[in-house]
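Work through these short exercises with the model open beside you. Try each task before you read its solution.

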Amino acid sequence: MYITFMRTIAILNQKGGSGKTTTAVNLAASLAESGRRVLIMDLDPAAAASSWLGFKDANRGLLEVLTEGKNLVDLVQPTAIPNLDIIASSMSLSGAGKALAGEIGVETVLRKRIAKLPADRWDFLIKDCPPSLDLLTINALSAAQEVLIPVEAHIMALGGLYSLTQTVEVVQERLNPGLFICGILACRVDQRTNHSREVVESLHQKFGKLVYKTSIRENVRLAECPSFGKPITMYASSSTGAEDYRSLARELLKRNKQN
Ligand SMILES: Nc1ncnc2c1ncn2[C@@H]1O[C@H](COP(=O)(O)OP(=O)(O)O)[C@@H](O)[C@H]1O
Ligand SMILES: [Mg+2]
(Lines give C-alpha, C1' and ligand atoms only; values in the text may rest on other atoms or scores of the structure.)
(Ligands and ions follow the chains in the order given, each with its own letter.)
Protein backbone atom coordinates (compact mmCIF):
# COMPACT_ATOMS: atom_id res chain seq x y z
CA MET A 1 0.00 0.00 0.00
CA TYR A 2 1.31 3.44 -0.85
CA ILE A 3 0.53 6.19 1.60
CA THR A 4 0.12 9.59 0.06
CA PHE A 5 -0.71 11.59 3.18
CA MET A 6 1.35 11.82 6.30
CA ARG A 7 -0.17 9.80 9.14
CA THR A 8 0.17 11.68 12.41
CA ILE A 9 0.29 9.48 15.48
CA ALA A 10 0.54 10.63 19.10
CA ILE A 11 2.02 8.05 21.48
CA LEU A 12 0.07 8.70 24.62
CA ASN A 13 -0.27 7.52 28.20
CA GLN A 14 -0.26 9.85 31.19
CA LYS A 15 1.56 7.22 33.20
CA GLY A 16 5.38 7.33 33.14
CA GLY A 17 7.12 4.06 32.33
CA SER A 18 4.37 2.82 29.99
CA GLY A 19 6.70 2.32 27.07
CA LYS A 20 5.87 5.52 25.17
CA THR A 21 9.42 6.53 24.31
CA THR A 22 10.50 2.93 23.69
CA THR A 23 7.56 2.58 21.30
CA ALA A 24 7.95 5.98 19.62
CA VAL A 25 11.61 5.41 18.73
CA ASN A 26 11.45 1.70 17.86
CA LEU A 27 8.22 1.95 15.90
CA ALA A 28 9.62 4.95 14.01
CA ALA A 29 12.82 2.98 13.28
CA SER A 30 10.88 -0.10 12.15
CA LEU A 31 8.75 1.99 9.80
CA ALA A 32 11.90 3.72 8.51
CA GLU A 33 13.54 0.33 7.99
CA SER A 34 10.58 -0.70 5.84
CA GLY A 35 11.21 2.30 3.60
CA ARG A 36 8.71 4.75 5.09
CA ARG A 37 9.91 8.28 5.68
CA VAL A 38 9.36 9.10 9.31
CA LEU A 39 9.57 12.26 11.38
CA ILE A 40 9.67 11.79 15.12
CA MET A 41 8.69 14.77 17.28
CA ASP A 42 9.76 14.73 20.89
CA LEU A 43 7.22 16.63 22.97
CA ASP A 44 8.48 15.48 26.35
CA PRO A 45 10.62 18.08 28.19
CA ALA A 46 12.57 15.12 29.62
CA ALA A 47 13.78 14.65 26.01
CA ALA A 48 14.46 10.92 26.34
CA ALA A 49 13.78 10.19 22.67
CA SER A 50 16.01 13.09 21.62
CA SER A 51 19.00 12.04 23.68
CA TRP A 52 18.49 8.40 22.63
CA LEU A 53 18.92 9.49 19.01
CA GLY A 54 21.89 11.73 19.81
CA PHE A 55 20.21 15.13 20.21
CA LYS A 56 21.14 16.41 23.62
CA ASP A 57 20.74 20.14 23.38
CA ALA A 58 17.77 21.38 21.42
CA ASN A 59 17.68 24.63 23.38
CA ARG A 60 14.49 26.61 23.14
CA GLY A 61 13.62 25.57 19.60
CA LEU A 62 10.29 23.89 20.10
CA LEU A 63 9.28 26.33 22.83
CA GLU A 64 9.86 29.24 20.44
CA VAL A 65 7.86 27.53 17.74
CA LEU A 66 4.94 27.33 20.15
CA THR A 67 5.26 30.72 21.78
CA GLU A 68 6.85 32.95 19.16
CA GLY A 69 5.57 31.52 15.90
CA LYS A 70 8.92 30.32 14.61
CA ASN A 71 8.91 27.74 11.81
CA LEU A 72 8.70 24.12 12.85
CA VAL A 73 10.43 22.90 9.70
CA ASP A 74 13.62 24.70 10.73
CA LEU A 75 13.91 22.32 13.69
CA VAL A 76 13.90 19.16 11.58
CA GLN A 77 17.20 17.31 11.71
CA PRO A 78 18.24 14.05 10.09
CA THR A 79 19.18 11.22 12.46
CA ALA A 80 21.86 8.59 11.83
CA ILE A 81 19.06 6.25 10.78
CA PRO A 82 18.09 6.31 7.11
CA ASN A 83 14.55 7.68 6.52
CA LEU A 84 14.28 9.01 10.07
CA ASP A 85 14.24 12.72 10.93
CA ILE A 86 13.68 14.28 14.31
CA ILE A 87 12.34 17.41 15.96
CA ALA A 88 14.15 17.32 19.28
CA SER A 89 12.98 18.49 22.67
CA SER A 90 14.63 20.05 25.69
CA MET A 91 13.91 20.96 29.30
CA SER A 92 12.83 24.44 28.22
CA LEU A 93 9.65 22.93 26.81
CA SER A 94 8.41 22.49 30.37
CA GLY A 95 7.81 26.25 30.35
CA ALA A 96 5.31 26.02 27.48
CA GLY A 97 2.21 25.93 29.69
CA LYS A 98 3.23 29.05 31.55
CA ALA A 99 4.36 30.90 28.44
CA LEU A 100 1.09 30.25 26.64
CA ALA A 101 -1.23 30.78 29.61
CA GLY A 102 -4.08 33.16 28.93
CA GLU A 103 -3.65 33.21 25.16
CA ILE A 104 -6.52 32.36 22.87
CA GLY A 105 -6.39 28.99 21.15
CA VAL A 106 -3.54 27.60 23.25
CA GLU A 107 -4.70 24.03 22.72
CA THR A 108 -4.22 24.17 18.98
CA VAL A 109 -0.99 26.12 18.53
CA LEU A 110 0.96 23.03 17.58
CA ARG A 111 -1.64 22.04 15.00
CA LYS A 112 -1.14 25.34 13.22
CA ARG A 113 2.62 24.87 13.17
CA ILE A 114 2.38 21.28 11.94
CA ALA A 115 -0.01 22.33 9.18
CA LYS A 116 2.86 24.32 7.69
CA LEU A 117 5.22 21.34 7.52
CA PRO A 118 5.86 20.03 4.01
CA ALA A 119 3.65 16.99 4.60
CA ASP A 120 4.75 15.20 1.43
CA ARG A 121 8.24 14.86 2.88
CA TRP A 122 7.19 12.16 5.36
CA ASP A 123 4.79 9.24 5.51
CA PHE A 124 4.57 9.34 9.31
CA LEU A 125 4.82 11.91 12.04
CA ILE A 126 5.22 10.18 15.39
CA LYS A 127 4.92 12.23 18.56
CA ASP A 128 6.37 11.10 21.84
CA CYS A 129 4.21 12.70 24.57
CA PRO A 130 5.10 13.63 28.15
CA PRO A 131 3.69 11.50 31.00
CA SER A 132 0.87 13.90 31.80
CA LEU A 133 -2.32 15.32 30.37
CA ASP A 134 -1.04 18.88 30.35
CA LEU A 135 -1.17 21.53 27.66
CA LEU A 136 1.62 19.94 25.62
CA THR A 137 -0.25 16.65 25.50
CA ILE A 138 -3.52 18.36 24.59
CA ASN A 139 -1.63 20.15 21.82
CA ALA A 140 -0.21 16.82 20.65
CA LEU A 141 -3.73 15.38 20.53
CA SER A 142 -5.22 18.38 18.78
CA ALA A 143 -2.56 18.03 16.14
CA ALA A 144 -2.86 14.27 15.59
CA GLN A 145 -5.09 11.99 13.57
CA GLU A 146 -4.34 8.89 15.56
CA VAL A 147 -3.52 7.99 19.14
CA LEU A 148 -1.47 4.92 20.02
CA ILE A 149 -1.66 3.96 23.68
CA PRO A 150 1.15 1.78 25.06
CA VAL A 151 0.22 0.07 28.32
CA GLU A 152 2.56 -1.71 30.66
CA ALA A 153 1.27 -5.24 31.15
CA HIS A 154 0.66 -4.80 34.85
CA ILE A 155 -2.65 -4.65 36.68
CA MET A 156 -1.76 -1.25 38.15
CA ALA A 157 -1.40 0.15 34.65
CA LEU A 158 -4.98 -0.59 33.65
CA GLY A 159 -6.50 1.84 36.16
CA GLY A 160 -5.86 5.05 34.28
CA LEU A 161 -6.75 3.64 30.91
CA TYR A 162 -10.43 4.40 30.98
CA SER A 163 -9.92 8.05 31.93
CA LEU A 164 -7.29 8.28 29.21
CA THR A 165 -9.72 7.11 26.54
CA GLN A 166 -12.21 9.65 27.92
CA THR A 167 -9.67 12.44 27.56
CA VAL A 168 -9.15 11.42 23.95
CA GLU A 169 -12.94 11.57 23.47
CA VAL A 170 -13.15 15.06 24.97
CA VAL A 171 -10.38 16.33 22.70
CA GLN A 172 -12.12 14.69 19.76
CA GLU A 173 -15.42 16.34 20.65
CA ARG A 174 -14.12 19.80 21.36
CA LEU A 175 -10.94 20.26 19.38
CA ASN A 176 -10.25 17.58 16.82
CA PRO A 177 -13.24 15.69 15.35
CA GLY A 178 -11.04 13.43 13.22
CA LEU A 179 -9.06 12.04 16.16
CA PHE A 180 -9.26 8.30 16.86
CA ILE A 181 -7.43 5.68 18.87
CA CYS A 182 -5.56 3.57 16.33
CA GLY A 183 -4.64 0.97 18.91
CA ILE A 184 -3.74 -0.05 22.43
CA LEU A 185 -0.40 -1.79 22.72
CA ALA A 186 0.52 -4.17 25.53
CA CYS A 187 4.16 -3.53 26.47
CA ARG A 188 6.64 -5.27 28.76
CA VAL A 189 4.72 -8.52 28.52
CA ASP A 190 6.42 -11.25 30.49
CA GLN A 191 5.05 -14.43 29.01
CA ARG A 192 6.40 -16.51 31.88
CA THR A 193 4.00 -14.99 34.38
CA ASN A 194 0.26 -15.57 34.66
CA HIS A 195 -0.13 -11.99 35.77
CA SER A 196 1.16 -10.57 32.48
CA ARG A 197 -1.01 -12.94 30.44
CA GLU A 198 -4.08 -12.07 32.48
CA VAL A 199 -3.53 -8.36 32.00
CA VAL A 200 -3.28 -8.82 28.22
CA GLU A 201 -6.46 -10.94 28.27
CA SER A 202 -8.29 -8.34 30.30
CA LEU A 203 -7.18 -5.65 27.83
CA HIS A 204 -8.65 -7.71 24.98
CA GLN A 205 -11.88 -8.24 26.92
CA LYS A 206 -12.32 -4.57 27.73
CA PHE A 207 -11.13 -2.98 24.51
CA GLY A 208 -11.65 -5.72 21.94
CA LYS A 209 -10.27 -5.06 18.48
CA LEU A 210 -8.68 -1.83 19.63
CA VAL A 211 -5.86 -3.86 21.16
CA TYR A 212 -3.05 -4.71 18.75
CA LYS A 213 -2.48 -8.37 18.05
CA THR A 214 1.18 -7.60 18.55
CA SER A 215 2.37 -7.45 22.15
CA ILE A 216 5.79 -6.12 23.05
CA ARG A 217 7.54 -8.68 25.17
CA GLU A 218 9.84 -7.79 28.03
CA ASN A 219 13.29 -7.80 26.47
CA VAL A 220 16.45 -6.54 28.13
CA ARG A 221 17.80 -5.45 24.73
CA LEU A 222 14.99 -2.88 24.57
CA ALA A 223 16.10 -1.42 27.89
CA GLU A 224 19.72 -1.36 26.76
CA CYS A 225 19.47 0.20 23.33
CA PRO A 226 18.97 3.87 24.37
CA SER A 227 22.39 3.84 26.07
CA PHE A 228 23.92 2.79 22.77
CA GLY A 229 22.16 5.51 20.81
CA LYS A 230 20.45 3.03 18.52
CA PRO A 231 16.93 1.76 17.97
CA ILE A 232 16.36 -1.92 18.58
CA THR A 233 16.34 -2.67 14.85
CA MET A 234 20.00 -1.63 14.69
CA TYR A 235 21.19 -2.47 18.21
CA ALA A 236 19.89 -6.05 18.27
CA SER A 237 18.28 -6.72 14.93
CA SER A 238 17.28 -10.32 15.66
CA SER A 239 16.11 -9.83 19.26
CA THR A 240 12.49 -10.44 20.27
CA GLY A 241 12.24 -6.67 20.84
CA ALA A 242 13.12 -5.95 17.21
CA GLU A 243 10.77 -8.71 16.08
CA ASP A 244 7.90 -7.25 18.10
CA TYR A 245 8.34 -3.66 16.92
CA ARG A 246 8.61 -4.80 13.29
CA SER A 247 5.41 -6.74 13.79
CA LEU A 248 3.74 -3.64 15.27
CA ALA A 249 4.88 -1.60 12.26
CA ARG A 250 3.34 -4.17 9.89
CA GLU A 251 0.09 -4.17 11.83
CA LEU A 252 -0.01 -0.40 11.88
CA LEU A 253 0.55 -0.23 8.13
CA LYS A 254 -2.33 -2.61 7.54
CA ARG A 255 -4.63 -1.04 10.06
CA ASN A 256 -6.02 2.43 9.69
CA LYS A 257 -9.36 4.14 9.80
CA GLN A 258 -10.42 2.73 6.47
CA ASN A 259 -10.21 -0.93 7.50
N1 LIG B 1 9.47 -4.29 26.31
C2 LIG B 1 10.38 -3.81 27.18
N3 LIG B 1 11.32 -4.65 27.71
C4 LIG B 1 12.21 -4.17 28.60
N5 LIG B 1 12.29 -2.91 29.03
C6 LIG B 1 11.39 -2.02 28.53
C7 LIG B 1 10.39 -2.43 27.58
N8 LIG B 1 9.64 -1.35 27.29
C9 LIG B 1 10.13 -0.32 28.01
N10 LIG B 1 11.18 -0.71 28.76
C11 LIG B 1 11.94 0.10 29.72
O12 LIG B 1 11.02 0.63 30.66
C13 LIG B 1 11.36 1.96 31.00
C14 LIG B 1 10.18 2.88 30.69
O15 LIG B 1 9.93 2.88 29.29
P16 LIG B 1 9.71 4.23 28.49
O17 LIG B 1 9.55 3.87 27.06
O18 LIG B 1 10.77 5.22 28.81
O19 LIG B 1 8.33 4.70 29.09
P20 LIG B 1 7.61 6.15 29.02
O21 LIG B 1 8.18 6.88 27.86
O22 LIG B 1 6.16 5.81 28.87
O23 LIG B 1 7.90 6.81 30.34
C24 LIG B 1 12.61 2.30 30.21
O25 LIG B 1 13.72 2.09 31.03
C26 LIG B 1 12.60 1.29 29.07
O27 LIG B 1 13.89 0.99 28.61
MG1 LIG C 1 8.98 8.82 27.72
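The exercises below cover the ligand site and then a few single residues of this predicted model.

**Exercise 1. The shell around ligand 1**

Task: Find how many residues surround ligand 1, and which are the closest.

Solution:
- Step 1. Count the shell. Ligand 1 is surrounded by 14 residues.
- Step 2. Pick out the closest. These are Gly 17, Lys 20, Thr 21, Thr 22 and Arg 188.
- Step 3. Sort the shell by class. It holds 7 polar, 4 charged and 3 nonpolar residues.
- Step 4. Look for the helices that take part. Helix H1 (20–33) and helix H10 (220–224) each supply at least two shell residues.
- Step 5. Name the top contributor. H1 gives the most, with 3 residues.

**Exercise 2. Polar contacts and burial of ligand 1**

Task: Which atoms of Thr 21, Thr 22 and Asn 219 pair with ligand 1? Use 3.5 Å as the cut-off for a polar contact between N or O atoms.

Solution:
- Step 1. Start at Thr 21. A polar backbone atom of Thr 21 is 2.9 Å from an oxygen atom of ligand 1.
- Step 2. Move to Thr 22. Here a polar side-chain atom lies 2.5 Å from an oxygen atom of the ligand.
- Step 3. Go to Asn 219. A backbone N or O atom of Asn 219 lies 2.9 Å from a nitrogen atom of ligand 1.
- Step 4. Add the burial. Ligand 1 taken alone exposes 550 Å², and the protein buries 80% of that.
- Step 5. Place the site. The largest pocket is the space taken by ligand 1.

**Exercise 3. Positive phi outside glycine**

Task: Locate Asn 83 and Arg 188 in the chain, and decide for each whether it is buried, partly exposed or exposed. Partly exposed runs from 20% to 50% relative accessible area.

Solution:
- Step 1. Read the phi of Asn 83. The angle is near 75°, which is positive, and the residue is not a glycine.
- Step 2. Place Asn 83. It sits in the loop between strand S3 (76–78) and strand S4 (84–87).
- Step 3. Class Asn 83. Its relative accessibility is 35%, so Asn 83 is partly exposed.
- Step 4. Turn to Arg 188. Its phi is about 55°, again positive in a residue that is not a glycine.
- Step 5. Place Arg 188. The loop between strand S7 (180–187) and helix H9 (194–207) holds it.
- Step 6. Class Arg 188. Its relative accessible area is 42%, so Arg 188 is partly exposed.
- Step 7. Link back to the ligand. Arg 188 is among the closest residues to ligand 1.

**Exercise 4. Buried or partly exposed?**

Task: Class Ile 87, Ser 50 and Gly 97 by relative accessible area. Buried means under 20%.

Solution:
- Step 1. Take Ile 87, in strand S4. Its relative accessible area is 0%, so Ile 87 is buried.
- Step 2. Check a partner. The C-alpha atoms of Ile 87 and Val 76 are 5.0 Å apart, with their positions 11 residues apart along the chain.
- Step 3. Take Ser 50, in helix H2 (residues 48–52). Its value is 0%, so Ser 50 is buried.
- Step 4. Check its partner. Ser 50 and Gly 229 are 179 residues apart along the chain, yet their C-alpha atoms are separated by 9.8 Å.
- Step 5. Take Gly 97, in helix H4 (residues 96–100). Its value is 33%, so Gly 97 is partly exposed.
- Step 6. Check the last pair. Gly 97 and Gln 172 are 75 residues apart along the chain, and 21 Å separates their C-alpha atoms.

Methods. Residues numbered from 1 in each chain as written. Chains lettered and ligands numbered in written order. Predicted model: local features only at pLDDT ≥ 70, side-chain atom pairs only at ≥ 80, totals over all residues. Heavy atoms only, no water. Near = heavy atom within 4 Å. Polar contact = N/O pair within 3.5 Å; in protein donor to acceptor, adjacent residues only side chain to side chain. Areas by Shrake-Rupley, 256 points an atom, 1.4 Å probe, with all protein chains shown as cover. 1 Å grid on protein atoms, 1.4 Å probe; cavity = no way out; pocket = protein on both sides within 12 Å on 5 of 7 lines; lining within 4 Å. Sits in = over half its atoms within 2 Å of the grid points. Helix = DSSP H or I, 4+ residues; strand = E, 2+ residues; numbered from the N terminus. Nonpolar A, V, L, I, M, F, W, Y, C, P; charged D, E, K, R; others polar. Buried < 20%, exposed > 50% of the residue type's maximum accessible area, 1.4 Å probe, protein only.
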